[in-house]
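Here's a quick tour for anyone meeting this protein for the first time. Take a look at the sequence and the fold, then read on.

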Amino acid sequence: MRYKRILIWEVNWIGDVLFSMPFIKALRETFPEAHIACITEPRCKEILEVNPNINEVILYDGKTVQKGILKKLQLIALLRKKKFDVVFLLHRSLTRTLICFLSGVKQRIGYSYRKRDFLLTHKLKAPLTAQHRIERFVGLARKIGADTRYAGLEFYMTDKDTAYIEQFLRNNGVTKKDRLVAINPGGNWNPKRWIVAKYAELADILIKKLGVKVIVTGAEKDVDLYLAIQEIMDEKLLSACGKTTLRQLGALFQKCDLVISGDSGPLHIALALKKKAVALFGPTSPSVTGPYGDGDYVVLQKDLGCEIPCYNVKCNTQRCMDAIKVDELVLQVERMLHQGAKKKEAK
């Protein structure tokens, strides 16, 4: 089968969308002349719209803009006009699968879930054991014989994004001689976040002992988190919270010597850019949503006897994240920054 018009229904979260990049790359390599469109949540648009492997981005927000029947019918009409040959459903939603069925997409490929199976023309059995999201998505490409050798994350920016960050850093007194460490304390649910007091202690040590500059990254909603960390610190932090788009965040990470983050979209942006990273994991599984493939990174996670992954978003103990100690994180940062300094000297 030589598909000419391909639709990909993306997953909801930034990290998961990044995990779909090898899948999209495989489709592009296999069908170089095809028109490839992605339908995605508005928050993920920025990641996809400058990706050279994608021709079109269509927005879908089922909780607000397209919540009602009328808006869904309008989307169905739009997709009908576009006459896609095939849709790959990375999302497991019954509603999204039904929309594709009603849109007249002849081939609908996705993983088997009981409620929507009758709407799929090609289905794969969901793996019985934990499987990394990248492998899960790439499995759909293998279903149609695509070349799946391209299993690395990708993240694209523009020159404008880079120029913005260069000016932002100059305005904040960061020079090319400074070593810059980013900490990303946020996350889409609290149990995945490391402890505020520990971030504060860590940042003070990095600034005093290692002489680096520390910048806090995050969205506008993370400003309070930055302020809570800064309030109990001796030293002064820099903040990019609410001051960057996703692509500008990528450009910022490119200028950093190291990124420290919990399991979140920004962590995977840093990893896609091959930056040194320390990943802090608690309730989620690194084998499913952790770093993938080659890279200079380390994952810190403690085994406390809990079932992992754990999706109890109401858990307020943070015991799995609290078990990660500041001193062991300092040792990892020292080691990785020292290696980076040696490489710079060698050049």
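## Overall build

How does the radius of gyration of the protein agree with that of a compact globule of 347 residues? A compact globule with that many residues would come in near 20 Å, and the protein has 21 Å, so the two agree. Bear in mind that this is a predicted model. Along its principal axes, the C-alpha trace spans about 60 × 45 × 40 Å.

Secondary structure adds up to 14 helices and twelve strands. Of the 347 residues, 54% count as buried. As for contacts between residues at least 6 apart in sequence, 64% of them join residues at least 24 apart.

## The six-stranded sheet

One piece to pick out is an open sheet of six strands, paired in parallel and running in the order 9-8-7-10-11-12. Strand 9 (238-239) and strand 12 (297-300) sit at the edges, and each has a single partner strand, so one side of each is left without a neighbour in the sheet. In general, strands of a sheet pair through backbone hydrogen bonds, either parallel or antiparallel.

To see one pairing up close, try strand 7 (residues 180-184) and strand 8 (residues 213-216), which are joined in the parallel sense over four bridges. Leu180, for instance, has Lys213 in strand 8 as its bridge partner.

## Surface and charge

The protein's accessible surface is about 16,800 Å², and carbon and sulfur atoms account for 52% of that. What about charge? There are 57 positive and 37 negative side chains, and the centres of the two sets lie 8 Å apart.

## Backbone oddities in the loops

A few loop residues deserve a look. Going from Ile308 to Pro309, the peptide bond is cis, with omega near 0°. You'll find Pro309 in the loop between strand 12 and helix 13 (319-322).

Then there are two lysines with a positive phi, though neither is a glycine. Lys83, with a phi of about 55°, belongs to the loop between helix 4 (69-82) and strand 4 (86-89). Lys274 has a phi of about 65° and lies in the loop between helix 11 (265-272) and strand 11 (277-280). Are these residues buried or exposed? Exposed means over 50% relative accessible area. Lys83 has 63% relative accessibility, so it counts as exposed. Lys274, with a relative accessible area of 53%, is exposed too.

Notes. Residues numbered from 1 in each chain as written. Predicted model: local features only at pLDDT ≥ 70, side-chain atom pairs only at ≥ 80, totals over all residues. Heavy atoms only, no water. Pairing = 2+ DSSP bridges. Helix = DSSP H or I, 4+ residues; strand = E, 2+ residues; numbered from the N terminus. Rg over C-alpha atoms; globule rule 2.2 N^0.38 Å. Buried < 20%, exposed > 50% of the residue type's maximum accessible area, 1.4 Å probe, protein only. Contact = heavy atoms within 4.5 Å. Areas by Shrake-Rupley, 256 points an atom, 1.4 Å probe, with all protein chains shown as cover. Lys, Arg positive; Asp, Glu negative; His and termini not counted. Charge placed at Lys NZ, Arg CZ, Asp CG, Glu CD.
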